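The following questions and answers work through one chain, taking its ring pairs, salt bridges, surface and a single helix in turn. Please keep the sequence and the structure in view while reading.

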Amino acid sequence: METTFLAQHFVPLMFAGLFVLLLTGFPVAFGLAATGLAFGFIGMEAGLFPANLFQALPSRIFGIMQNDTLLAIPFFTFMGIILERSGMAEDLLETVGQVFGPLRGGLAIAVILVGALLAATTGVVAAAVISMGLISLPIMLRYGYSRVIATGTITASGTLAQAIPPSLVLIVLADQLGRSVGDMYSGALLPGLLLVGLYILFIVVVAFVKPAMVPPLPPEARIYKEANGSSGHRSLLVLVVLCAVAGFAWSRVHNAVLTPLLQRPLPAPGDEIVILSMTLASLLGLSLAIINRVTRMGLLSRLAEQVTFVLMPPLILIFLVLGTIFLGVATPTEGGAMGALGALILALGKRRINMPLLKQALENTAKLASFVLFILIGSTVFSFTFNAADGHIWVEHLFDGIPGGAWGFLIVVNILVFILGCFIDFFEIAFIIIPLLAPVAEKILPGLVPGMTADDAMIWFGVIIAMNLQTSFLTPPFGFALFYLRSVAAKFDYKDRVTGATIPAVTTSEIYKGSIAFIILQLIMVAAIMIFPNLVTGGIEKVELLNKDQIMEQLQIPKTDEEVKQEEAEAKASSTGEEAKPAEGKEDDPMKAMMEAAEKDQKK
């Protein structure tokens, strides 16, 4: 009787055991492994599993250790830490703040843009939020920004590191869903940029509706003025237009130049064209600024030069890393290694790297990589026992009765992930929940949108989850971005060093209130991706199906004499209207099955 009860309720009991263990404060990685091992042994003792259940487990764990894709995590983490510790965030915030500061809401827009740049370089939420909280929050409070807008902008901009490539969560999701990291990056690029645009649009609306909440920088706070008193924005605008024209010109000839060079049968995808066009535009701007400074021609204003020297090097690094991945020249792991090397070169060029900083970066990278690896190993042990108990079938049956079919599944999954994000870390959600949902998603999602392949559906599903996981950093009570800002925001009233005025302390309730509007914006973006899958799948490179002749040509297999005679006979018969006879003594073609399959695919 007890064995029957255990067999019928094994999977729910396993989840309950994990939940109880996590509530005790036991580390997640070890809690997952302990639950998987304990219930595996219970199942073996009860006769539910064979005695040799765990014999395949060592090979699974060694498979994780040998997974080259996961090497991208320490590379991108190291790249981000080096750039952040070398003062890049401070330079970007100061410079971009000077560009947009004269506008209402300009400082908030600068924080959003810098947050997007830090997301594409550091990929670490903590680094982005803490940097912007230390630098931007005092300035925004000094000049009268609404505390809710200021805190919300900083925390939300920091979370962009989860949505914009090269994001760590995208690497993890690609691994858990069994899909290409490059495709996941391509799929997430446009939604990530649209989310940045949505943030900026919100600030613009606030500037029009409640201008007092987002005042401009006063004239005395603008430090890059010309000798004649002008701001230098006109020179910057001319430089931007010139670079934009150069980038647009390249986008028109990109396919004509690179497609024959790389010997590709298909034209380049849109994300590749955009990335390389922006790379060339950035290189042109940097080259013009260097020439202007060396020759002292004075063609660029101080502001234009400062923006170019501060903004272009990290932009070029981002575009080169993503561009080589999208081109297929480098894998994400190789792109991460190149990014780490590029970050070291930039830090050396600015003379902002030393042995203590390098040691600290290596230590933090090792800690994060070990953290991810241990959680992955623990979740593998848990899922090993879970799958042995047919847990994936149990999960699938949970969604059988959901109204709305596949759409109902997507909505319920997003609600589940959103609620879990209020309490647990995104890594834990990715390693515990996603492997349970992936088989169900792969089964029911491809038929949801006409023409969507299984790979497209899983990339779409992964980007939706990544965008949803981004909200976990903002949702109380355990939104990590809220805690990061709380740790650096003023806890007591203080006297501002510039104006001498007393600035009241930033309260925790103000930080929580500031996140609400941006959580809504993120959920709007999740809904937009669900309603318009082409936002994701439109950036994924499509694979062309080859016909029989193309397969023969690529394999360079010459036709046999019998095949030549048969084709001549068929041509002669078609001209006379007779039926061609098969060649006598013709042997079976070893390529027949493959070519017939190719022809069927081509007809479809």
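Q: What class of exposure does Phe 30 fall into?
A: This is a predicted model, in which local features need pLDDT of at least 70 and side-chain atom pairs count only at pLDDT 80 or more, whereas totals for chains, interfaces and linings use all residues. Residues are numbered from 1 along each chain as its sequence is written, and side-chain values use heavy atoms, with hydrogens and water left out. Buried means under 20% relative accessible area and exposed over 50%, with partly exposed in between (1.4 Å probe, protein chains only). Phe 30 has a relative accessible area of 45%, so its class is partly exposed.

Q: How many aromatic pairs are there?
A: Rings of Phe, Tyr and Trp (its six-membered ring) pair if their centres lie within 6.5 Å, and planes under 30 degrees apart count as stacked, over 60 as edge-to-face and the rest as tilted. By this rule the number of aromatic pairs is five.

Q: What is the geometry of the pair formed by Phe 30 and Phe 374, and how many residues apart in sequence are the parts that it ties together?
A: The ring centres of Phe 30 and Phe 374 are 5.9 Å apart and their planes meet at 55 degrees, so the pair counts as tilted. Helices (H or I, at least four residues) and strands (E, at least two) are DSSP runs, numbered from the N terminus. Because Phe 30 lies in helix α3 (residues 28-45) and Phe 374 in helix α16 (residues 355-388), the pair ties together parts whose separation in sequence is 344 residues.

Q: Is Phe 374 buried or partly exposed?
A: The relative accessibility of Phe 374 is 45%. At that value Phe 374 counts as partly exposed.

Q: Which kind of pair do the rings of Trp 407 and Trp 460 make?
A: With centres 6.3 Å apart and planes at 85 degrees, the rings of Trp 407 and Trp 460 form a pair that is edge-to-face. The pair links distant parts of the chain, 53 residues apart, with Trp 407 in helix α18 and Trp 460 in helix α21 (residues 454-470). Trp 407 is partly exposed at 35%, whereas Trp 460 is buried at 0%. The kind of pair is thus edge-to-face.

Q: Which acidic residue in helix α20 forms a salt bridge with Arg 179?
A: A salt bridge is a side-chain nitrogen of Lys or Arg within 4 Å of a carboxyl oxygen of Asp or Glu, and four salt bridges are counted by this rule. Arg 179 has one in which the closest N and O atoms are 2.9 Å apart, its partner being Glu 442. Arg 179 lies in the loop between α10 (168-177) and α11 (181-209) and its partner in helix α20 (residues 434-444), so the pair ties together parts that are 263 residues apart in sequence. Arg 179 is buried, with a relative accessible area of 16%, and the partner that counts as partly exposed, at 36%, is Glu 442.

Q: Which residue of helix α21 also meets Arg 179 in a salt bridge?
A: The N to O distance in this salt bridge is 2.8 Å, and the partner of Arg 179 is Asp 455. The two are 276 residues apart, Arg 179 in the loop between α10 and α11 and its partner in helix α21. The helix residue counts as partly exposed at 44% relative accessibility, and it is Asp 455.

Q: Which residues make the nonpolar surface patch of about 670 Å²?
A: Patches are made of residues with over 30% relative accessible area and no salt bridge, with like charges joined within 9 Å and nonpolar side chains (Val, Leu, Ile, Met, Phe, Trp, Tyr) joined within 5 Å; accessible areas come from the Shrake-Rupley method with a 1.4 Å probe, and for residues only the protein chains shown count as cover. Helix α18 (residues 405-421) supplies the largest share, four residues. Phe 423 sits in the loop between α18 and α19 (426-432) and is exposed at 51%. The patch is made by Trp 407, Ile 411, Ile 415, Ile 419, Phe 423, Phe 478 and Phe 483.

Q: How many residues of α5 are buried?
A: The expected span of a helix is 1.5 Å times one less than its number of residues; for the 14 residues of α5 (residues 72-85) it should be 20 Å, which agrees with end C-alpha atoms 20 Å apart. The buried residues include Phe 76, Phe 78 and Glu 84. The helix is mostly covered, the buried share of its 14 residues being 11.
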